[in-house]
Amino acid sequence: MSSRIQSYDRTPFWGQKIIRELKYLQFILNNKDQSVNVSKDCFRELLKAIILVLHGQDKIADRVESISTKFNIAEKDCVLLVASLEKLFRLAIKFSSKKQEVIKDDLIAILKFCLGPN
């Protein structure tokens, strides 16, 4: 996995080692676990939830329950997805002193890799 994700000429903002949350995202978003189906609409809802939580505008428990019910995903899996995305975003925020373009490129690259073509 790491050789496919890290075809960079530099180290991505999350570091040299692929963190387990990123591995989990790849596993789920590439449909390796047939019991968890994350549609693009579901993924958008997860991203909205993370943004609201990071801004302190929402309680994550309410969002997780709502997304879990709406998209028929087990609450445990929904919690893991939210936690993984939150970790990725917190790392991006932590290293935001780097060029923002680098972080943007890294996030787009990993999401394209995980979600595949349109």
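Student: How do you know that the span of H3 agrees with the one expected at 1.5 Å a residue?
Tutor: The expected span is 1.5 Å times one less than the number of residues. H3 has 15 residues and should therefore span 21 Å; its end C-alpha atoms are 21 Å apart, which agrees. Helices here are DSSP runs (H or I, at least four residues), numbered from the N terminus. The model is predicted: local features need pLDDT of at least 70 and side-chain atom pairs count only at pLDDT 80 or more, while totals for chains, interfaces and linings use all residues. Residues are numbered from 1 along each chain as its sequence is written, and side-chain values use heavy atoms, with hydrogens and water left out.

Student: Why is Asp 77 called buried?
Tutor: Buried means under 20% relative accessible area (1.4 Å probe, protein chains only). Asp 77 has 10% relative accessibility and therefore counts as buried. Asp 77 lies in helix H5, where Cys 78, Leu 81 and Phe 89 are among the other buried residues.

Student: What is Asp 77 in contact with, leaving aside neighbours within four places in sequence?
Tutor: Contact means heavy atoms within 4.5 Å; Asp 77 has such contacts with Tyr 24 and Val 36.

Student: What makes up the largest nonpolar core?
Tutor: A nonpolar core is a set of buried Ala, Val, Leu, Ile, Met, Phe, Trp, Tyr and Cys residues joined through side-chain atoms within 4.5 Å. The largest has 31 residues, and Leu 22, Val 38, Leu 46 and Leu 81 have the most contacts inside it. H5 gives the most to this core, with eight residues.

Technical notes. Buried < 20%, exposed > 50% of the residue type's maximum accessible area, 1.4 Å probe, protein only. Helix = DSSP H or I, 4+ residues; strand = E, 2+ residues; numbered from the N terminus.
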